[in-house]
There are 2 protein chains.
Amino acid sequence: MNSSIAITNRSLHDQVVSRVRDLIIEGVLEPGSRIDEARLIDELGVSRTPFREALRTLAAEGLVIVRPSKGSIVRKWTPEDVFAMLEVLGHLEQLAGELACARASDAEIAELVDLHNRMLGHYRARDRMPYYKLNQEFHSRLTELSKNETLQETQRNLQARLKRIRYIGNQRPEYWAGAVEDHEAMVAALKDRDGARLGQAMARHIRNTWDRVKDSI
Amino acid sequence: MNSSIAITNRSLHDQVVSRVRDLIIEGVLEPGSRIDEARLIDELGVSRTPFREALRTLAAEGLVIVRPSKGSIVRKWTPEDVFAMLEVLGHLEQLAGELACARASDAEIAELVDLHNRMLGHYRARDRMPYYKLNQEFHSRLTELSKNETLQETQRNLQARLKRIRYIGNQRPEYWAGAVEDHEAMVAALKDRDGARLGQAMARHIRNTWDRVKDSI
DNA sequence: TATTTTATACATGTATACAAAATACACCAC
DNA sequence: GTGGTGTATTTTGTATACATGTATAAAATA
């Protein structure tokens with residue numbers, strides 16, 4: 001029972017989309033495996049119509065492939081795919097960084113610095129999961145500061161595709177330390193509102209990400 | 001009756017998606033207007049299921065908004081939306097240009113130069129429609145030369161969203177002349193495989209596009 | 001025994017029917 | 001005349017039934 005007062009009128013479609021998306025990101029539905037329609041609709045307790053519509057949405061997002069008459073599968077990324085996604089994401093976040101320096105308010109930047117400091121706390125305590133979650137938020141929030149809706153949308157989509165891979169990849173301690181260093185540089189540039197430097201730092205961060213994840217795909 | 005021999009086994013879904021997408025791009029379905037499910041499925045001769053699945057795909061592409069229980073509408077872009085899309089597209093094509101210079105074969109570049117020359121022919125003859133179509137192809141092909149699948153996918157999507165706007169915008173003769181000049185610069189840089197210069201030229205081209213279309217949104 | 005064919009089961013694609021929500025409209029009170 | 005309430009109608013959301021296509025396994029032939 002939902003104790004909150006808020007009216008939760010999310011359509012069944014939206015609920016199924018985010019539920020299945022999570023199942024894919026969490027790896028419950030394995031990349032390359034068939035999606036058993038009958039079993040999933042049974043487990044989710046919905047009928048085929050909203051489920052299939054959800055699959056179409058996820059297919060458009062690139063997480064699922066619908067093969068006519070042959071069922072749907074969870075999309076599986078090749079190393080080339082991942083490299084391509086990071087190449088694009090790197091340039092988009094570079095743009096985001098440049099725009100953020102030009103368009104964000106002082107308060108917004110302060111918030112982001114605060115978020116970064118909390119991340120540092122989790123790093124020192126070696127709490128991977130909360131660090132990881134704040135990391136996702138850091139990148140999303142920084143992209144928001146670009147005040148460019150399309151940029152946010154595209155970044156969100158790529159981040160969703162990469163979420164699982166990144167989580168798997170960032171396991172080794174020295175990789176984690178490297179990522180934290182990258183973030184230090186980014187936050188410093190953001191504080192100075194040095195768009196070019198922030199852009200460079202973000203692009204470098206994404207390139208480093210490739211080095212960190214490439215062996216675990 | 002289909003006189004061609006080719007087996008046209010595209011799913012009903014795909015057919016509906018591209019049909020409705022075209023209706024939106026051509027302006028038959030006007031931005032902001034409600035999509036009359038009953039009428040359209042009747043005109044297309046399909047049932048509601050594949051049609052609604054197609055709407056979900058188009059919604060994910062950003063061309064349509066599905067409002068729960070209130071029907072779907074054709075998405076209408078504000079000037080801010082268009083500016084944001086061009087800002088992103090500009091940077092993506094800049095990246096595409098840089099990568100193309102590094103990764104394309106001589107033959108591929110020659111093909112693109114040839115395509116450009118055909119565009120010039122249409123420009124001299126003032127044949128707007130064939131010029132416009134080759135222009136779309138020019139940008140798609142150049143992005144293909146980046147050999148980055150994600151980049152192509154993202155570019156395709158943004159190009160689809162902007163298609164109608166760009167067509168409306170590029171009407172005045174002096175604007176057209178400016179666009180042709182931009183292309184001359186791009187092709188020259190591509191011939192020299194000067195990635196930085198090509199990138200700059202593409203980014204500038206997109207910025208000019210904004211100036212050309214902003215008054216007609 | 002290997003290979004091809006065919007039958008059958010099962011999963012997917014599409015259509016339709018039913019339920020729920022939103023909108024339009026008429027009627028009444030103020 | 002204006003505002004509000006209740007009902008009818010339309011439209012959308014979901015479930016289910018039916019049709020069609022694909023894969024598997026059994027049987028027949030080479």
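How many aromatic pairs does the structure hold over all chains? The structure holds six, where rings of Phe, Tyr and Trp (its six-membered ring) pair if their centres lie within 6.5 Å; planes under 30 degrees apart count as stacked, over 60 as edge-to-face and the rest as tilted.

This is a predicted model, in which local features need pLDDT of at least 70 and side-chain atom pairs count only at pLDDT 80 or more, while totals for chains, interfaces and linings use all residues. Residues are numbered from 1 along each chain as its sequence is written, chains are lettered from A and ligands numbered from 1 in the order in which they are written, and side-chain values use heavy atoms, with hydrogens and water left out.

**Exercise 1.** Classify the aromatic pair of Phe83(A) and Trp210(A), and place both residues in the chain.

*Solution.*
- Step 1: The ring centres of Phe83(A) and Trp210(A) are 5.1 Å apart with 75° between the planes, and the pair is edge-to-face.
- Step 2: Phe83(A) belongs to helix H4 (residues 79–103) of chain A and Trp210(A) to helix H9 (residues 195–213) of chain A; the pair links distant parts of the chain, 127 residues apart. Helices (H or I, at least four residues) and strands (E, at least two) are DSSP runs, numbered from the N terminus.
- Step 3: Accessibility has three classes: buried means under 20% relative accessible area, exposed over 50%, partly exposed in between (1.4 Å probe, protein chains only). Phe83(A) is partly exposed because its relative accessibility is 34%, whereas Trp210(A), at 17%, is buried.

**Exercise 2.** Repeat the analysis for Tyr131(A) and Trp176(A), then extend it to Tyr123(A).

*Solution.*
- Step 1: Tyr131(A) and Trp176(A) form an edge-to-face pair, 5.1 Å centre to centre and 65° between the planes.
- Step 2: This pair, too, links distant parts of the chain, with Tyr131(A) in helix H6 (residues 128–144) of chain A and Trp176(A) in helix H8 (residues 173–191) of chain A, 45 residues apart.
- Step 3: Tyr131(A) is buried because its relative accessibility is 6%; Trp176(A) is likewise buried, at 6%.
- Step 4: Tyr123(A) joins Tyr131(A) and Trp176(A) in one aromatic cluster. Over the ring of Tyr123(A) sits the charged end of Arg126(A), 4.4 Å from the ring centre; the criterion is NZ of Lys or CZ of Arg within 6 Å of the ring centre and within 35 degrees of the ring normal.

**Exercise 3.** Test the length of helix H3 (residues 48–61) of chain A against its expected span, and describe Glu53(A).

*Solution.*
- Step 1: The expected span of a helix is 1.5 Å times one less than its number of residues. For the 14 residues of H3(A) this gives 20 Å, and the end C-alpha atoms are 20 Å apart, so the two agree.
- Step 2: Just after H3(A), Gly62(A) has a positive phi of about 95°.
- Step 3: Glu53(A) lies in helix H3 of chain A and is buried because its relative accessibility is 4%.
- Step 4: Contact means heavy atoms within 4.5 Å. With neighbours within four places in sequence left aside, Glu53(A) is in contact with His13(A), Arg52(B), Glu53(B) and Arg56(B).

**Exercise 4.** Determine how chain B is related to chain A, and quantify their interface.

*Solution.*
- Step 1: Copies are superposed by least squares on the C-alpha atoms of residues with pLDDT of at least 70 in both. A turn of 180° and a shift of 0.0 Å along the axis lay chain B on chain A with an RMSD of 0.0 Å. This is therefore the relation of a two-fold axis.
- Step 2: The same surface serves both copies, since 100% of the contact residues of chain B recur in chain A.
- Step 3: In the interface, 29 residues of chain B are in contact with 29 residues of chain A.
- Step 4: The area buried between the chains is about 2400 Å², of which carbon and sulfur atoms give 56%. Buried area is the accessible area (1.4 Å probe) that two parts lose on being put together, summed over both.
- Step 5: Glu53(B), Arg56(B) and Thr150(B) lose the most area in chain B to chain A, together 23% of what that side buries.

**Exercise 5.** Characterise the positive phi of Ser69(B).

*Solution.*
- Step 1: Ser69(B) is not a glycine, yet its phi is positive, about 65°.
- Step 2: Ser69(B) is located in the loop between strand E1 (64–67) and strand E2 (71–74) of chain B.
- Step 3: Ser69(B) is exposed because its relative accessible area is 83%.
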